[in-house]
Amino acid sequence: MFKSVFTVGFYTLISRILGFIRDIFIASYLGSTVIADAFFVAFRIPNYFRRIFAEGAFSAAFIPIFSGLTNRSNQAKQAKIFVDHTLSILFFSIVIIAVLFHFMMPYVIRGLAPGFLDNTEAYEISLHFARIVFPYLLFVALVAMFSSITNTYNRFAFGAFAPALLNITFIGCLIFLSPLVATPGHALSYGVIIGGILQFSLMYFAIYRLGFLPRVVLPKISNNISKFLKLLFPGMLGAGAIQLNIIVGTIIASFLPTGSISHLYYADRINQLPLAIFGIAMGVALLPTLSNYIKKGLGEKKIFNIQNRSLEFAVVISLPATFGIILLAEMIIKIFFEHGEFTTIDSYYTSRALILFAIGLPAYILIKVMNPSFFAREDTKTPLYVSLICVIINIIFSLFLIKYLRETGIALATSIAAWVNVILLFIILKKRKFIKLDQKIKNNLIKILFAAIIMGLTTYLIRNLFYMFLNSDNVVIGGLFLMIVIAISITVFTSTIFMLKIYTIEEIGKYFKK
């Protein structure tokens, strides 16, 4: 499983680096203007579905059933029928939804950004962009399905790399298409569709190599399809807890001054980097592994062990990332975004939002690790109920905190809701006896916290030492010294991890030999 985590993490890293470059281009071309806010609102709709489809909901419903069929030698035909009918239901449903949303889009925009009703320009532009980008939902749904098939066979590379194609398309459209259309926002909107087509083509090739050629047929509601639908609908909300909270943030931020939505977007993109590389990678790899263990009846000891090691690894990754982002947020935003239309004021609010988003980073990653424990047991309702409670908490705190912290209050409310989500999930898993922390993880959590504190102190001292260079107006110099600070911090943390024997070289080597 850990080999799979690093495979997904590696390709996701490539995608997120390209996404980071993409956001630098977007900040330079659009800044925090009305066009930027309008595009981010419009793209939030299909992007929300992309995240819950690709990062949880679809695989949570599909993989446990498909895995059960592929683990039985006499069920190959049933597996093929299940794939065909799932594809057909997905295809026809999305086409109908796309047509309905085209005509209902004015109401969708009003619901997603009600603050735009007082800004006619922002409302009209976001409505136009939303109608362009919404068909992307069809491509992302099919990509999610094809990725679930490859993930079941432990072929993670294609699905992990697919998002990179969207980022490449965004960059290309900003550079080459912007001069040919009305605004850079139009270029990005067309880029969404082009990227979706490229992602679909890549994943179709991937399942073709596995010998799968799914067909669109007249769907029939068999027992397997019925079970799939019962798992899918609650999973679409349950697995999208973080995304629902971000949607809530967008709605509330639409009432704030122009640029607030953009500040939250840029901050969230930075915060999503470690979450995507490791948190989502853990969830993607853990689900088929747990499903196979449970279907084969390999026993609680193995299941508990893989859960403990996954939680342990999530904390090892997320805790130092949180310390680092909090201490370096101001420099990160200034160096990489403060150019062109992106001003010093934008940097201030974005960096404050990033710090408060980072407080919840360990929780976001732990959610990705805990949810598969429910999904593998074909339970998508429990994460749904928990997520709905947390959405209510997020709304309450957001409305209260924006009075004092503007859009940064929304970031803090999202983090609070994420931690409540983790605590509730853990309590339920513990109560149902689906998780049991061993002594090793209890000891290691204390050691990891100590190592993160040592790294944080080191980062603080080096940041102050290089402060003049980190705040240089020269992007190359600032970026170079930022990379030096990050490299030293990672070295200190990794060295402390090995000194405290949380991991050993031999132990890590075993993960890659198996």
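## The largest pocket

Forty residues line the largest pocket of this predicted model, and those nearest its centre are P274, F278, A321, I486 and I490. Several helices share the work of building that lining: helix 1 (2–30), helix 10 (260–296), helix 11, helix 16 (439–465), helix 18 (475–499) and helix 19 (505–513) each give two or more residues.

The volume of this pocket is about 1,300 Å³. Its lining is made up of 33 nonpolar residues, six polar ones and one charged residue.

## Helix 18, from end to end

Helix 18 is one of the elements that line the pocket, and it is worth a closer look. With 25 residues at 1.5 Å each, helix 18 should span 36 Å, and because its end C-alpha atoms are 36 Å apart, the expected and modelled values agree.

Which residues of helix 18 are buried? They are G478, G479, F481, L482, V485, S489, F493, T496 and I497. The cover over these buried residues includes helix 11, helix 16 and helix 17 (467–470). Just after helix 18 comes K501, with a positive phi of about 60°.

## The nonpolar core

The largest nonpolar core holds 159 residues, and F62 and F228 are the ones that touch the most other members. Helix 11 (residues 300–337) supplies the largest share of this core, with 19 residues. Helix 11 also appears among the elements lining the largest pocket and among those covering the buried residues of helix 18.

If you would like to follow the contacts of F228 in the structure, look for F58, A61, F62, I65, F82 and T86; this list leaves out residues up to four places away in sequence.

## Helix 7 and a buried serine

Helix 7 (residues 184–209) can be checked for length too. Its 26 residues, at 1.5 Å a residue, should span 38 Å; the end C-alpha atoms are 37 Å apart, which agrees. After helix 7 comes G211, whose phi is positive, near 90°.

Within helix 7 you will find S189. Is S189 buried or exposed? Its relative accessibility is 0%, so S189 counts as buried. Setting aside neighbours within four places in sequence, S189 is in contact with F39, F129, I132 and V133.

## An exposed phenylalanine

F103 belongs to helix 3 (residues 76–112). With a relative accessibility of 63%, above the 50% cut-off, F103 counts as exposed. As background, nonpolar side chains in soluble globular proteins tend to be buried together.

For a sense of placement, F103 and L231 are 128 residues apart along the chain, and their C-alpha atoms are separated by 29 Å.

## Positive phi in two loops

Most residues other than glycine have a negative phi. With that in mind, two loop residues deserve a visit. R406 sits in the loop between helix 14 (381–405) and helix 15 (407–431), and its phi is positive, near 55°. Its relative accessibility is 23%, so R406 counts as partly exposed.

K433 is in the loop between helix 15 and helix 16. Here phi is near 60°, again a positive value in a residue other than glycine. At 64% relative accessibility, K433 counts as exposed.

Definitions and conventions
Residues are numbered from 1 along each chain as its sequence is written. This is a predicted model: local features need pLDDT of at least 70, side-chain atom pairs count only at pLDDT 80 or more; totals for chains, interfaces and linings use all residues. Side-chain values use heavy atoms; hydrogens and water are left out. Helices (H or I, at least four residues) and strands (E, at least two) are DSSP runs, numbered from the N terminus. The expected span of a helix is 1.5 Å times one less than its number of residues. A nonpolar core is a set of buried Ala, Val, Leu, Ile, Met, Phe, Trp, Tyr and Cys residues joined through side-chain atoms within 4.5 Å. Buried means under 20% relative accessible area, exposed over 50%, partly exposed in between (1.4 Å probe, protein chains only). Contact means heavy atoms within 4.5 Å. On a 1 Å grid over the protein atoms alone, a cavity is a set of points where a 1.4 Å probe fits but cannot get out, and a pocket is an open set with protein on both sides within 12 Å along at least five of seven lines; lining residues have an atom within 4 Å of a point. Grid points are joined across faces, edges and corners, and a volume is the space filled by probe spheres set on the points. Ala, Val, Leu, Ile, Met, Phe, Trp, Tyr, Cys and Pro count as nonpolar, Asp, Glu, Lys and Arg as charged, and the others, Gly among them, as polar.
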